[in-house]
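Where does this structure enclose empty space, and what surrounds it? Please look at the model below with that in mind.

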Amino acid sequence: MRTRPCRHGGTTPCAARDDRPGAGGAPQAGMIPLDRTAPRLAIQRQRPILSMPPHPARAAYFLDFDGCLVALARQPDAVVVPVGLVALLNRLHRRAGGALALVSGRAIADLVGMLPGLVVPMIGSHGAERLWRRGRVERLDIDRTVLDRAIERVTDVARTAPGFLVEVKPVAVGLHYRADPSLAEKAGHAMSGIAEDAPGFHLHPSKQLIELRPDGVGKGQAVAALLTEPPFRGRKPVVFGDDLTDEPAFALANRRGGVSVKVGSGRTAARHRLADPSRVRQVLSTWGRA
Ligand SMILES: O=P(O)(O)OC[C@H]1O[C@H](O[C@H]2O[C@H](CO)[C@@H](O)[C@H](O)[C@H]2O)[C@H](O)[C@@H](O)[C@@H]1O
């Protein structure tokens, strides 16, 4: 294993790879299966997103980060935040009367570090963390002993191949294999074994990453909870995301008569699709000025 640490405590060399579900994000042996109930890709039935943008006074925006607002990178700390992204988000947040939140799988500390000056509420670690106002992170209580033991074991697995990278979060741990997608199956088996000895946690497959995260968290629940509180309450959810973790939030937006937007290719329950993060930023920028 190479010993260049990433900011999350992991080590590995990485290279950008294909991120379509099925190209590393698809279930591998030992991994949680994809949601088979999600509709097949049906671009022709998806509506153009700008035809009827929701009025910012009636919308509540929930925005995913990696692969949605910013392009995916070879490893978590190699992501490039485009100039103007923070200003764009702050502007739309203002236009929406504060009803805009980042909803990410990342740790909040990571998001805060990458987005200096951002004033919007944040959901982190797939819903296990929340930053309502800058400076105070609410975090789910977990069994620290269980997680620490799992982190040790995931780190041991990562030592077996240079293509692995461990991401340690305050309440979760992830094993990345973007540098070597052929490690998907090995990662799946190893993480399944670790999850068996981690009561209170479950596996969550992501893009060339498998995470062990606390039970009961997910973006669907996180968005539903925010929608019970002002300034989100009573508004139509507008959800943007690119990954499996975003699907429950898409489904919620659909149920509540909101807008769901999948970024990139792959099966989804979302009713709209945009090609990539640069299109997402264009659309949000237009909405922020409208
Ligand atoms: O919910 P998100 O904001 O999309 O976060 C999901 C995970 O994103 C990060 O991993 C992904 O992006 C990395 C950087 O582009 C990439 O190297 C990796 O392969 C992707 O899986 C992040 O590191 C995770 O903590 C998030 O859960």
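This report covers the enclosed cavities and their linings.

The model is predicted. A search of the whole structure finds 2 cavities of 30 Å³ or more. The table sets them side by side.

| Cavity | Volume | Nonpolar lining residues | Polar lining residues | Charged lining residues |
|---|---|---|---|---|
| Largest | about 370 Å³ | 7 | 7 | 13 |
| Second largest | about 40 Å³ | 7 | none | 3 |

**The largest cavity**

Its lining takes in 27 residues. D66, L72, H176, S206 and L209 lie nearest the centre of the largest cavity. Charged residues number 13 in this lining, against 7 nonpolar and 7 polar. Two strands, β6 (165-169) and β9 (209-214), each supply at least two lining residues. The largest share, 3 residues, comes from β6.

Why does the largest cavity lie between domain 1 and domain 2? Both domain 1 (59-140 + 217-289) and domain 2 (142-215) give residues to its lining, so the cavity lies between them.

**The second largest cavity**

This cavity holds about 40 Å³ of space. Its lining consists of F62, L63, D64, V103, K219, V223, V239, F240, D246 and A249. Which elements each supply at least two of the lining residues of the second largest cavity? They are β1 (59-63), α5 (219-226) and β10 (236-241). The lining has 7 nonpolar residues and 3 charged ones, with no polar residues.

Definitions and conventions:
Residues are numbered from 1 along each chain as its sequence is written. This is a predicted model: local features need pLDDT of at least 70, side-chain atom pairs count only at pLDDT 80 or more; totals for chains, interfaces and linings use all residues. Side-chain values use heavy atoms; hydrogens and water are left out. On a 1 Å grid over the protein atoms alone, a cavity is a set of points where a 1.4 Å probe fits but cannot get out, and a pocket is an open set with protein on both sides within 12 Å along at least five of seven lines; lining residues have an atom within 4 Å of a point. Grid points are joined across faces, edges and corners, and a volume is the space filled by probe spheres set on the points. Helices (H or I, at least four residues) and strands (E, at least two) are DSSP runs, numbered from the N terminus. Ala, Val, Leu, Ile, Met, Phe, Trp, Tyr, Cys and Pro count as nonpolar, Asp, Glu, Lys and Arg as charged, and the others, Gly among them, as polar. Domain bounds come from an automatic or database domain assignment.
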